Amino acid sequence: MKTRRYLGLAFAAFGFASLSLPAQAAGKQVQVKGEIVDTFCSVSEIMYAYGTAHYQCSVWCAAGGVPVSIKGDDGEFYVVLKINEDTNTIINNKLLTIQAHHVTADGELLERNGVKYILVSQVADDKGVVNLTHDEHGILPFGN
Amino acid sequence: MRYLFLGLALAVSAPSLTFAAESVGAQYENEIVLKGQIVDIVCELTGNCTKECGEGKRVLGLKTDDSTIYLIAKGPPLFANANESVLPFCAKPIEVDGLLIKNPKMPLLFVQRYRAAGSADWKDADGFEVAWKARNGESDEWFRKDPLVVEIVKKSGPLGIPGLAPKP
């Protein structure tokens with residue numbers, strides 16, 4: 001009887017493990033240089049979404065739970081899944097305060113279904129907002 | 001007769017194929033209805049899992065039966081995502097209606113409506129705005145009144161550089 005109970009527990013534990021530990025992909029250590037952006041506006045291209053012109057909108061979106069990405073100088077998007085030790089990147093204070101900043105980020109790159117994700121271990125350099133786009137574009141999307 | 005059966009089959013299946021997504025005028029947008037379950041993408045990719053898909057603090061995705069993960073990046077409220085609406089479906093079956101933005105650089109999902117798999121009733125994925133108003137009160141523009149936003153923009157200015165102001 002006791003054996004059956006332990007066998008049942010073992011099967012239950014195996015079932016839990018298989019539910020809570022999805023297949024893991026092997027990551028690659030990378031250094032990405034680029035601008036911190038609001039993923040939706042920049043990927044959908046519904047408006048110009050970079051630099052000073054879009055700074056305020058990117059803060060709104062990050063505060064609204066839209067995922068934050070780095071638009072790399074290489075033209076690729078890297079969705080941020082971790083910043084330093086924090087995997088809570090939705091409405092994340094650190095990410096909110098570096099919107100539109102040009103950064104150098106070290107981390108682990110993972111790819112799935114056409115999306116590049118980055119687990120940032122450290123922001124090695126932060127130049128602040130250096131992409132001055134407001135003279136050309138104004139403040140997007142509402143002009144104020 | 002064959003066409004009659006085909007017509008009947010299409011008529012019966014039509015409700016589940018009906019799109020109600022609203023266009024945002026994006027170049028790469030595609031109306032889409034998907035079935036799957038909500039997942040925490042950190043958990044899926046690294047095995048670092050927390051309860052209830054990170055309780056809304058982690059990036060969420062929709063994982064379909066073929067194991068494709070769609071990044072959920074937007075919901076109907078202005079400048080906000082759909083996390084509050086879909087989070088209760090962490091590891092549970094859900095159907096979402098919205099736009100798949102198929103930018104060649106990367107795809108993302110704009111969830112506009114959702115329903116429990118098998119349910120007849122769609123709900124708007126506007127949970128963010130509902131929850132925000134419950135915390136902060138009524139406002140037509142939550143994004144200008146949000147305490148966190150107000151604090152950050154007060155420090156950095158509307159252009160992100162303290163002291164730099166837009167030309168009048």
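Begin by selecting B:Val96 and B:Tyr114: in this predicted model, B:Val96 stands opposite B:Tyr114, a residue of strand 5 of chain B.

**Strand 5 of chain B and its partners**

Extend the selection to strand 4 (93-103) and strand 5 (106-116) of chain B. These two strands are paired in the antiparallel sense over ten bridges, and they form a hairpin with two residues between them. Keep B:Tyr114 highlighted and add B:Lys123, its bridge partner in strand 6 of chain B. Strand 6 covers residues 123-124 and runs antiparallel to strand 5 of chain B, joined to it by two bridges. Here too the connection is a hairpin, with six residues between the strands. Select B:Gly118 in that turn to inspect a positive phi of about 95°.

Next, display strand 3 (69-74) of chain B. Two bridges join strand 3 to strand 5 of chain B, and the two run parallel. The pair to label is B:Ile72 and B:Leu109, which stand opposite one another, B:Leu109 being in strand 5 of chain B. Is strand 5 of chain B mostly covered or mostly uncovered? Strand 5 of chain B is mostly covered, with eight of its eleven residues buried.

**Chain B as a whole**

Now colour chain B by secondary structure. Six helices and six strands should appear, in the order α-β-α-β-β-α-β-β-β-α-α-α along the sequence. Of its 168 residues, 38% count as buried. Among the contacts in chain B between residues at least 6 apart in sequence, 55% join residues at least 24 apart.

Two loop positions in chain B merit a stop. The loop between helix 2 and strand 2 (60-63) of chain B holds B:Cys53. Most residues other than glycine have a negative phi. B:Cys53, although not a glycine, has a positive phi of about 55°. B:Cys53 has 27 C-beta neighbours inside 10 Å and therefore counts as buried, the threshold being 20 or more.

Move on to B:Pro88, in the loop between helix 3 (83-86) and strand 4 of chain B. B:Pro88 counts as partly exposed because it has 14 C-beta neighbours inside 10 Å. Draw a C-alpha to C-alpha distance from B:Pro88 to B:Glu55: the two are 9.0 Å apart in space and 33 residues apart in sequence.

**Where the chains meet**

Show both chains and select the contact between them, which takes 45 residues from chain B and 46 residues from chain A. On the chain B side, helix 2 (41-46), strand 3, strand 4, strand 5 and helix 6 (147-156) each supply at least two residues. Which element of chain B gives the largest share of the side that touches chain A? Helix 2 of chain B does, with six residues. Colouring by class shows 27 nonpolar, twelve polar and six charged residues on the side of chain B that touches chain A.

**The barrel of chain A**

Hide chain B and select the strands of chain A. Five of them form a closed barrel in the order 1-2-3-5-4, with mixed pairing. The twist averages 55° from one strand to the next. For a parallel pair, pick strand 3 (residues 77-83) and strand 5 (residues 115-126) of chain A, which four bridges join. Label A:Val80 and its bridge partner A:Ile118 in strand 5 of chain A.

**Helix 3 of chain A**

Add helix 3 (residues 51-63) of chain A, which lies across strand 1 (28-38) and strand 2 (68-72) and runs at about 110° to strand 1 of chain A. All 13 of the 13 residues of helix 3 are buried, so the helix is largely enclosed by the rest of the structure. At A:Cys57, helix 3 of chain A bends by about 30°. At 1.5 Å a residue its 13 residues should span 18 Å, and the end C-alpha atoms are 18 Å apart, in agreement. After helix 3 of chain A comes A:Gly65, with a positive phi near 90°.

**Last stops in chain A**

Step back to A:Glu45, in the loop between helix 2 (39-44) and helix 3 of chain A. A:Glu45 has a positive phi of about 60° although it is not a glycine. With 14 C-beta neighbours inside 10 Å, A:Glu45 counts as partly exposed.

Finish at A:Pro141, in the segment after helix 5 (134-137) of chain A. Most peptide bonds are trans. The bond from A:Leu140 to A:Pro141 is cis, with omega near 5°.

Conventions:
Residues are numbered from 1 along each chain as its sequence is written. Chains are lettered from A and ligands numbered from 1 in the order in which they are written. This is a predicted model: local features need pLDDT of at least 70, side-chain atom pairs count only at pLDDT 80 or more; totals for chains, interfaces and linings use all residues. Two strands pair if DSSP finds at least two bridges between them. Axes are lines fitted to C-alpha atoms, for helices over the stretch in contact, and angles run from 0 to 180 degrees between N-to-C directions. Two residues are in contact if their C-beta atoms, placed from the backbone, lie within 7 Å. The expected span of a helix is 1.5 Å times one less than its number of residues. The bend at a residue is the angle between axes fitted to the seven residues ending there and the seven starting there. A residue is buried if 20 or more other C-beta atoms lie within 10 Å of its own, exposed if 12 or fewer, and partly exposed in between; C-beta atoms are placed from the backbone. Ala, Val, Leu, Ile, Met, Phe, Trp, Tyr, Cys and Pro count as nonpolar, Asp, Glu, Lys and Arg as charged, and the others, Gly among them, as polar.
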